[in-house]
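Reader: Hello! Could you take me through this structure and explain the terms along the way?

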Amino acid sequence: MKLCHYQHHHSQNSNRERSKMLLRTPHLYDSNVSKFPLFASSSPFSTTQAGASSCIVAPPVLDVGLKLSKQATGSNQQGLVRKTRDHVMHSTGNAYGQGAQGSVLEEEAQLAETSQSWKTFPGQAFPLGVSEVDTGVNFAIFSQHATAVTLCIKLAERGQFGGPDGGMTELALDPKENKTGDIWHISIKDFPRSNVLYGYRIDGPQGWQQGHRFDSSIVLIDPYAKLVEGRRYFGDSREKLSGFLGTYDFDSLPFDWGDNYKLPNIPENDLVIYEMNVRAFTADESTGLDPDVRGSYRGLIDKIPHLLELGINAVELQPVFEFDEFEFQRRSNPRDHMINTWGYSTINFFAPMSRYASAGGGPLKASHEFKEMVKALHGAGIEVILDVVYNHTNEADDAYPYTTSFRGIDNKVYYMLDPNSGQLLNFSGCGNSFNCNHPVVMELVLESLRHWVTEYHVDGFRFDLASALCRGTDGAPLDAPPLIRAIAKDAILSRCKVISEPWDCGGLYLVGSFPNWDRWAEWNGIYRDDLRRFIKGDSGMKGSFATRVSGSADLYKTNKRKPYHSINFIIAHDGFTLYDLVSYNFKHNDANGEGGNDGSNDNLSWNCGYEGETDDSTVKAIRSRQMKNFHLALMISQGTPMMMMGDEYGHTRHGNNNSYGHDTAINHFQWGLLESRKNNHFRFFKEVINYRRTHRVFGRDRFLEKSDVTWHEGNWDNYESKFLAFTFHDNNGGDIYMAFNAHDYFIEVPIPSPPEKRIWFRVVDTNLESPNDFVLEGVPGTRGTYNMAPYSSILLEAK
């Protein structure tokens, strides 16, 4: 399997599930999957009769140029055609290429009885997707290279997609009447305003070397679909091969945000970000929530009190765009036991993940509950930042493609291709690279972002593998990428936080140099690596540690950039948890099924003397101190701190540093463990977060000047020194002294004199047991010297 590796100092982010999403799925009507039919009885795509498929093909109306579809499925059987008053009934054989079962005529009669007659018009090219127009419901889709486009429609009773009303209607669009430029369109009068599933069959040139991948046997998702219907329950193995179609809703009333609703609008220098996964946060039984609510947007709402107690004020949600958690199980491979729980494999960029709705509620309920979640978080003063994946899609590579949308609509436009071979370029590690700086694709991305801001009120975005968005259509790096600039300058996005993960799997490492227009913040991978190395006791890191905690001016003090443009983190979803960082020297990824070949080999971790779990009290004490040292260093650093869900109680993945495919306790938040550690580990974490937020000296909106900090260090060149002490000065005399000892022995530390008419109060000593490790009011009497334990840190406040 192909892995995504890059240089030493940022390899931690290189190996997530994206690096090997090279899978194949059967077509919606694949003759090779009859044992696992895509349209199982409880699927939203079920046929009216097991093993048989029927379609209604609308005839031309008012000479608008619609063509009758010759084929209702991918089957080669032409089927029986019988004219009725308003339609031409078209029945086929089995959807999987087998003989029809039951009475075709009986099924046709049922379809004719429940069908209705629609008047069609040429429609209009804009907006793309589905919209309401004077002539009815308008469908519009872009495809530059298509030679034939067929709109496929399936109706259902209100909210009952599992029991569709009738078969699939296919409207073949006439390029003379239903095409403007490269946009195909049609409008249907008196058409349902909701409860419609739709997709497209698209045909075109078959020139593989020219980059085309058309296959008219596949019903494709509209890239502009605002909602996507698929299986209803996350991880429902009975529906693992089910397909996905777009849907829409013009009937529901606008969401009620409330008369007193307002956006938090938290200044960037005040943010404390909490990276989390919606499902994993409440999927575990230990939540105490109703099973129908676990792992949902509603579940997150119920646990907002925990976020408030912890003290964070922004959540960064791992992908919440529609994705297929069963994509690893569509063919036999070493990972076919895994379920994608991280979601970095987007099917559609507008639709919220439908299986995060409570009780299998489907896409409409998911949309509503997502808004309820945002409203509740905003009401609690917490901003919502989405982790978005525009660098690639779920459609994998040319060896094992999983065609659901873009590849079959216009592969040559939507993906970066090798101009010589027509093969997909791969800067994502997942087999394809979304062609984001193509004008059409760029507008899709911008419209998607605007949609999430205007419709769902999100506050910002973190862009996965954002360096891939800095490449041209041929994959070459761009100095001024049009998409990155457009995001920075867009009026609707102007209030949003925009954060880049400034590297990709093609080696384009842009930490500190990501094109930014003074707007873009960056995940600071250098901060992560330097802090890991210093805290665990590597030699020669004292100067780098000082640079990172003071705001990484070497990286960000250019033009009008600020310290808060550095997103400081030690732990993210990629790699070890904080507990594992101090418990394992090596990855332990056997559960992933790849013989340990996945995941990064270079984690800059230290197990404190024993690999994995142990009862050794000395080792456990060092680990506890180290976790507190990391957390304190993160929260006192200039810049924007980000922590990972579960680190507040010491979550372990048992050494697995690439846990994307486990819908188990490996990833699930363990509420029982949190409760058992509320009075020690968790207490320290929340108190330190609160201390940061209430002391402005840590969150400056400008880089430090000489008068802002005193470094108590006269020997910066001592390679063996693993100790650093410094004081952040406050204009009102409330100075804060900090010292970090990464040596394996005690140090008698000289304490500087406090400001005039003040004395030092000890607030933090990570060597002490709770509650003495953090005392908010401070312990007076620290003067002269302080005997610091090995692998410990202290914080003194002048009062």
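Author: Gladly; here come some questions about the chain and one of its sheets. The model is predicted, so local features need pLDDT of at least 70 and side-chain atom pairs count only at pLDDT 80 or more, while totals for chains, interfaces and linings use all residues. Residues are numbered from 1 along each chain as its sequence is written, and side-chain values use heavy atoms, leaving out hydrogens and water.

Reader: What makes a stretch count as one of the 15 helices or 29 strands?

Author: Both are DSSP runs numbered from the N terminus: helices are H or I with at least four residues, strands are E with at least two. The chain has 15 helices and 29 strands by that rule.

Reader: How many of the 799 residues are called buried, as a percentage?

Author: Buried means under 20% relative accessible area, with exposed over 50% and partly exposed in between (1.4 Å probe, protein chains only). That label fits 64% of the 799 residues.

Reader: How do you know which strand β22 pairs with?

Author: Two strands pair if DSSP finds at least two bridges between them. Three bridges join β22 to β23 (residues 723-728), so the two are paired, and they run antiparallel. Tryptophan 711 stands opposite phenylalanine 726 in β23.

Reader: Why are β22 and β27 at the edges of the sheet?

Author: The open sheet has six strands in the order β22-β23-β24-β29-β26-β27, with antiparallel pairing. β22 (709-711) and β27 (774-780) each have a single partner strand, so one side of each is left without a neighbour in the sheet.
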